[in-house]
Structures are given as structure tokens and as C-alpha cells.
Amino acid sequence: MLYLIVMGIDPGIAILGYGVLKVEGNKYGIIDSGAIITSSDLSMPKRLSLIYRDLTELLIRYKPDAFAVEELFFNKNTKTALTIGHARGVIILAASNLDVPIFEYTPLQVKQSIVGYGRADKNQMQQMVKVLLNLKEIPKPDDVADALAVAICHGSSSKFSNLFRV
């Protein structure tokens with residue numbers, strides 16, 4: 001059977017959510033999920049270094065065929081956008097250094113893919129992630145559910161059709 005390993009990422013500096021899925025046709029199996037958490041007591045360079053190190057370890061462990069990252073959308077808080085932007089740079093660097101194909105999706109694309117409606121609320125998204133992955137409960141923290149949603153979005157995208165493993 002053909003399958004694809006997809007790692008989805010919800011970028012963050014305090015909490016970075018990740019989800020690793022095995023995609024077989026329209027079926028999704030969860031391999032792993034969790035969060036990389038950094039303390040606000042640490043300097044920004046140290047936090048970025050920890051994210052890079054931990055994410056690189058996950059990429060080496062799971063060897064994903066595709067790396068799906070949520071794009072940023074901030075319209076008010078510039079400082080938050082810049083901080084998350086630093087984290088995204090490190091995230092993309094980790095995947096790029098290991099030659100993992102990188103795909104980016106807007107929050108609107110993820111919501112349309114998961115719920116079928118681009119303005120879906122967080123609860124609708126989380127409930128659909130739970131259903132699509134046949135989980136007993138919604139993954140926590142929210143960043144983990146969001147990362148799994150990004151991975152599912154990529155799995156249902158036409159962008160991955162030539163990456164299947166045999």
C-alpha cells in the first residue's frame with residue numbers, strides 16, 4: 001500500500017505544536033504529536049536554538065516525506081508576528097537542512113480543508129481533527145490539534161501526489 005509521512009507544524013515560540021501522520025489514500029493514522037515548549041525566562045536566541053534542536057531530532061526520528069507549516073496571519077500585534085516569524089525561520093531551516101519538502105498553508109486553507117468552511121471556529125476545527133484521526137479526545141494543548149490539522153490539510157492537498165512511499 002502507498003503511504004506518505006507528513007509532519008504538520010503550528011509555529012510558536014512558547015509552544016510549537018507538531019503532529020506526524022501516516023497518510024494512506026484518504027485515511028490518516030497518527031504516529032506522534034506533541035509540543036515543543038520554551039520558557040519565557042530564556043533569551044530569544046536560546047529559545048530558537050531549543051526549537052531548532054528539538055525539531056531536528058523529530059525530523060530525523062520520523063523522516064517525513066512532507067513538512068507542512070501554517071503561515072502567519074496577524075493583523076494587530078506586530079511584536080507577536082515578529083516573534084513567531086523568528087520561530088518560523090528556524091522551523092523552516094530545520095526541515096530545509098534535512099532536505100524535507102516544505103509546504104505552507106494559510107489558516108483559511110487549513111480550515112477549508114478540515115471543516116469545509118474557511119471561517120470555522122477553533123472548536124469546530126478541533127472536533128474535526130478528533131473525528132478524522134479517530135481520537136477519544138481533542139489533542140491538547142490547542143497547538144497540537146492545530147498542527148495535526150495542518151498535516152491533514154497537506155494530506156488532502158494535491159501537492160503531495162508524487163511523494164508517496166511504496
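Strands E1 (residues 4-10) and E2 (residues 15-24) are a good place to start: they pair in the antiparallel sense over seven bridges. Keep in mind as you look around that this is a predicted model. A hairpin of four residues takes the chain from E1 to E2. If you want landmarks along this pairing, find Gly-8, which stands opposite Gly-19 in E2, and then Asp-10, which stands opposite Gly-17 in E2.

Carry on along the chain and E2 meets E3, again antiparallel, this time through ten bridges. The hairpin here has two residues between the strands, and Gly-25 in it takes a positive phi near 60°. Further along the pair, Leu-16 has Ile-36 of E3 as its bridge partner. E2 itself is mostly covered, with seven of its ten residues buried.

Now zoom out to the whole sheet. Five strands make it up, in the order E3-E2-E1-E4-E5; the sheet is open and its pairing is mixed. At the edges sit E3 (27-37) and E5 (102-105), each of which pairs on one side only. Neighbouring strands are turned against each other by 20° on average, ignoring direction.

What packs against what? The largest nonpolar core has 22 residues, and those with the most contacts inside it are Met-7, Ile-9, Ile-51, Leu-55, Leu-59, Phe-67 and Ile-91. Two or more residues each come from E1, E2, helix H1 (44-62), E4 and helix H2 (78-97). H1 gives the largest share, six residues. To get a feel for this core, click on Leu-55: leaving aside its neighbours within four places in sequence, Leu-55 is in contact with Met-7, Ile-9, Ile-36, Phe-67, Ile-91 and Ala-94. There is also a second, separate core, this one of 21 residues, and among its members are Ala-66, Ala-68, Phe-103 and Leu-133.

H2 deserves a closer look. Its 20 residues should span 28 Å at 1.5 Å a residue, and the C-alpha atoms at its ends are indeed 28 Å apart, so the two values agree. Which residues of H2 are buried? Thr-83, Ile-84, Ala-87, Arg-88, Val-90, Ile-91, Ala-94 and Ala-95 are. Look down the axis of H2 and these buried residues fall within an arc of 165°, which means they line one face of the helix. Over on the other side of H2 you'll find Thr-78, Lys-79 and Leu-82, which are exposed. As for what covers the buried residues of H2, the list includes E1, E2, H1, E4 and E5. After H2 comes Asp-99, which has a positive phi near 60°.

One more helix to place: H3 (residues 107-114). Where does H3 lie? It lies across strand E4 (66-70) and E5, and runs at about 85° to E5.

Methods: Residues numbered from 1 in each chain as written. Predicted model: local features only at pLDDT ≥ 70, side-chain atom pairs only at ≥ 80, totals over all residues. Heavy atoms only, no water. Pairing = 2+ DSSP bridges. Axes fitted to C-alpha atoms, helices over the stretch in contact; angles between N-to-C directions. Contact = heavy atoms within 4.5 Å. Core = buried A, V, L, I, M, F, W, Y, C linked by side-chain atoms within 4.5 Å. Buried < 20%, exposed > 50% of the residue type's maximum accessible area, 1.4 Å probe, protein only. Expected span 1.5 Å × (residues − 1). Arc of directions from axis to C-beta.
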